[in-house]
Amino acid sequence: MHRTIASLPFAPSVKMKLTRAGFDTCADLKDLRPLQLCKEAGVSQEEALEVLQTLRSDDGVGVVSHVGVASVVRGGLTALQLLQKEHALGDIITFCSALDSALGGGVPVGKTTEVCGAPGVGKTQLCLQLAVDVQIPVCFGGRGGQVLYIDTEGSFLVQRAADMAQAAVEHCRLVTQDDEQKAALKDFTVENILSRLSLVRCHDYVELLAHCYLLPDLLTKHSEVQLVVIDSIAFPFRHDFDDFSQRTRLLNGLAQQFIQLATEHNVAVVLTNQMTTKVWNGQSKLIPALGESWGHAATQRLILHWEGTQRLASIYKSPSQMEATVPYRITEDGFRDMAPPPFSTALPTSSGPTRSDSQSQQSKRPRMEPRPSS
Amino acid sequence: MHNKKLTRAGIDSLICERLKHHHVETCEDLLSLTPLEVMRLAGQSHCHSLQLLRTVSVACAPKIITAQQLWLQRKDLCFSTSLQELDRLLHGGLPRATITEVAGPSGCGKSQLCMMLSVLATLPRSMGGLDSGVIYIDTESAFSAERLLEIAQSRFPDYFSVPERLLETAGRVHLFKELTCQEVLTRVDQLEEDIISCRAGLVILDSVASVVRKEFDTSLSGNLTHRSNLLGRQAATLKYLAQEFRIPVVVTNQITTQLGERVPSSSSLSRRRSSVEGAGGEGSGYVTAALGNTWSHNVNTRLIVQYVDSRLRQIVIAKSPVAPFAVLNYTVQREGIRLEGNASQEMMSAQGTDPGLQPIRVRTGFDYRLTGAVAMTPMTPATTTTTTAGGRYDNTGV
């Protein structure tokens, strides 16, 4: 009610005319009719109408944005509601059960995850694996969704995606038990998987920014998309910029947009980052690229790195999971565990017990080996 | 794309004028601003500014296709290298629309491989070629037209028995000699027009490292960033051209010595010894591909060539989106590269290591024995210059 005119989202010329006419806060504008405002402030009729309509719709949500207490006010959520929502959203499995356990089920839908790593360690492979895994039908433990893959580096090769899709289809075929799964399997073929994988190739940061502005409309139109992959966010931003502050600003803007996308449209956003060499006290270390401020951008951060010839995945930053390091390997079928996990019906242990427990009761999780018929 | 003028992006001309006063003329300028800045500069309300940004985005944003559409064109996804095992591992050959890097010590065969690929690209499609021109940017003066024709005739003797075909092949390879960083950058920036006029199906840059390394002294502060930016820009332009024209781009790289603290753990070194013997295994340092970690990110595929002994060499697939880490033996012959000695399959594994740190074997010995048809009698000192009873020292075979 006491919000000043200057803070409202109108055109600068309109705001100037209103303040010059003596209006300081929203309370002054209440109960005015458009024609009256038009005459008093000297704005056009359309502008006057826009001002009054915005004020009227602002009234409803204005209170919530100023007051911090969320639960009793319209538009807020309680923690219980959030818990239920997160259970419903679920995770996207990676087919590496060690990594899935460490992540508490998989890559969470509704959050942004960043994957950093040295060249050749498997970031693109992980992204491709997730792009296939999100399409696994729900009765097999997947999400049954579609994926939008934004490629800025040119490392998306459809042959590899087809191989991984084939391996996933094979795996599901081996664990099929009941009729519902058999029916779902008919739709789960390599051609269908590839046709549900939308691909965009951005050559520079301008195309990436342009595409990200259009993403909200795209995701509203195609609500079956549950995963957005950007591989990689680092490449377009690492060489075109002499002005680092502009780069930081643009990256922060993008980070905000991704978080908004993830929460409003219930998609998982996966970003890939590169590593850069930092020379420090005479020693050189590899750290994630794009600077320190970018570290705050994603909700969860995974770092993939080499230890000799062994590939390791570390959870570097997560608000809900413990820091952990697990080994993995890349086979011709895709992103997999180091060795086949021991065959058991026990649930994968994780630091978020309630979530995975209730999840497994609701859906069947794909196992690495087919269950013997008994 | 980003040079597109706002006037052509479907924006109201009045707003374009207003933005022009603030030096916002192209789509790039507008999209780099925050919505609040757009409000201020264009004099629009918040939701109109967002709409403005969306309109410009529609004008700039790339098309969305499905992977299925790419899959339907899968016959055309790769450029076959005519080395069967390598093609099999790479799922068809060098992938188009990507950058493939060949790194290795001097004299190992990188330029030979490039010349062989040039010949292959000019062949008709029925023979596995691209039936197109080749753009060869040479910074080390390693290209030899005679060698190109020798490879062509030895590799495909039946096809090239007709002399006109030989001339046609030679005429399709366009050579550009660039000797400084700036020249290379200019050439790469103009490459789009050259590709169209030469009808090129393959671009080779041999090598990307030589000009950069002689002009940038990385011990000086600021030079490392400057060099990385330059290489990044080159890589971005090459990838854009590769993607737009759907052609493969091959670059070659040199080697550098990594010292002390970056040596990987000894257990991994010993594991690697079984397949590829480590070079400076004593712990003093080891040899890897040059141009650093950032450049390793920029290339899509990295093939490392290295020595085994004086005759046999190896190609290592160090980084590839489709192929596992693999090692293949080869020799350099008259017809270019010949894979041999690859009978055992155990050279392939799911292991590998950081392609920026993969140790490379350099040449440790040279065979100084006389080659060719020379009698093994000791030489008589030549008293007169007319008698040439001594041996011939030039290499006749290889």
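Which residues are linked with Arg311(B) in a network of salt bridges? They are Glu335(B), Arg338(B) and Glu340(B). Keep in mind that this is a predicted model. We'll come back to charged pairs after a look at the two chains and how they fit together.

## The two chains

Chain A has 13 helices and 13 strands, while chain B comes to 15 helices and 15 strands. Of the 374 residues in chain A, 52% are buried. For chain B the figure is 51% of 398 residues.

As for how each chain folds back on itself, take the contacts between residues at least 6 apart in sequence. In chain A, 65% of them join residues at least 24 apart, and in chain B the share is 67%.

## A sheet shared by both chains

Now for the sheet that runs across the chain boundary. It's open, has ten strands and mixed pairing, and goes E13(A)-E12(A)-E11(A)-E10(A)-E3(A)-E7(A)-E6(A)-E4(A)-E5(A)-E1(B). Its two edges are E13 of chain A (334-336) and E1 of chain B (64-66); each has a single partner strand, so one side of each is left without a neighbour in the sheet. From one strand to the next, the twist averages 25°.

Let's pick out some of the pairings. E4(A) and E6(A) run parallel and share six bridges, with Gln146(A) partnered by Val225(A) in E6(A). E6(A) is also joined to E7 of chain A (residues 268-273) in parallel, through four bridges, and here Val228(A) sits opposite Val269(A). E6(A) is mostly covered, with seven of its seven residues buried. Elsewhere in the sheet, E10 (residues 300-307) and E11 (residues 310-317) of chain A are antiparallel over seven bridges, and Glu307(A) stands opposite Gln310(A).

## Helices across the sheet

Two helices of chain A are worth tracing here. H11 (residues 205-221) lies across E4 (146-151), E5 (197-201) and E6 (225-231) of its own chain together with E1 of chain B, and it runs at about 170° to E4(A). H8(A), meanwhile, lies across E12 (325-331) and E13 of chain A, at about 50° to E13(A).

## Nonpolar cores

The largest nonpolar core has 61 residues, and Tyr149(A), Phe156(A) and Leu227(A) have the most contacts inside it. Helix H8 of chain A (residues 158-175) gives this core its largest share, nine residues. There's also a second, separate core of 53 residues, and its members include Val200(A), Leu19(B), Leu52(B) and Ala59(B).

Tyr149(A) has a long contact list once its neighbours within four places in sequence are set aside. Among its partners are Thr124(A), Cys127(A), Leu128(A) and Ala131(A). The list also includes Phe156(A), Val229(A) and Asp231(A), as well as the run Leu197(A), Ser198(A), Leu199(A) and Val200(A).

## Where A meets B

The contact takes 64 residues from chain A and 67 from chain B. About 5600 Å² is buried between the two, with carbon and sulfur atoms giving 60% of that area. On the chain A side, Pro119(A), Tyr213(A) and Thr309(A) supply 12% of the area buried against chain B, more than any other three residues.

How many salt bridges are there between chain A and chain B? The count is one. Arg54(B) and Asp217(A) meet in a salt bridge, at 3.8 Å from N to O.

## Salt bridges within the chains

Over all chains, a search of the whole structure finds 17 salt bridges. One of these pairs is Arg301(A) with Glu114(A), at 3.0 Å from N to O. This pair links distant parts of the chain: Arg301(A) is in E10 and Glu114(A) is in E3 (residues 112-117), 187 residues apart. Buried or exposed? Arg301(A) is buried, at 7% relative accessible area, and Glu114(A) is buried too, at 0%.

Asp187(A) and Arg196(A) also form a salt bridge, with their closest N and O atoms 2.8 Å apart. Asp187(A) is partly exposed at 43% relative accessibility, whereas Arg196(A) counts as buried at 18%. In chain B, the side chains of Arg187(B) and Glu178(B) meet at 2.8 Å, N to O, and both residues are buried.

Methods: Residues numbered from 1 in each chain as written. Chains lettered and ligands numbered in written order. Predicted model: local features only at pLDDT ≥ 70, side-chain atom pairs only at ≥ 80, totals over all residues. Heavy atoms only, no water. Core = buried A, V, L, I, M, F, W, Y, C linked by side-chain atoms within 4.5 Å. Buried < 20%, exposed > 50% of the residue type's maximum accessible area, 1.4 Å probe, protein only. Contact = heavy atoms within 4.5 Å. Pairing = 2+ DSSP bridges. Axes fitted to C-alpha atoms, helices over the stretch in contact; angles between N-to-C directions. Buried area = accessible area lost by both parts, 1.4 Å probe. Salt bridge = Lys/Arg side-chain N within 4 Å of Asp/Glu carboxyl O.
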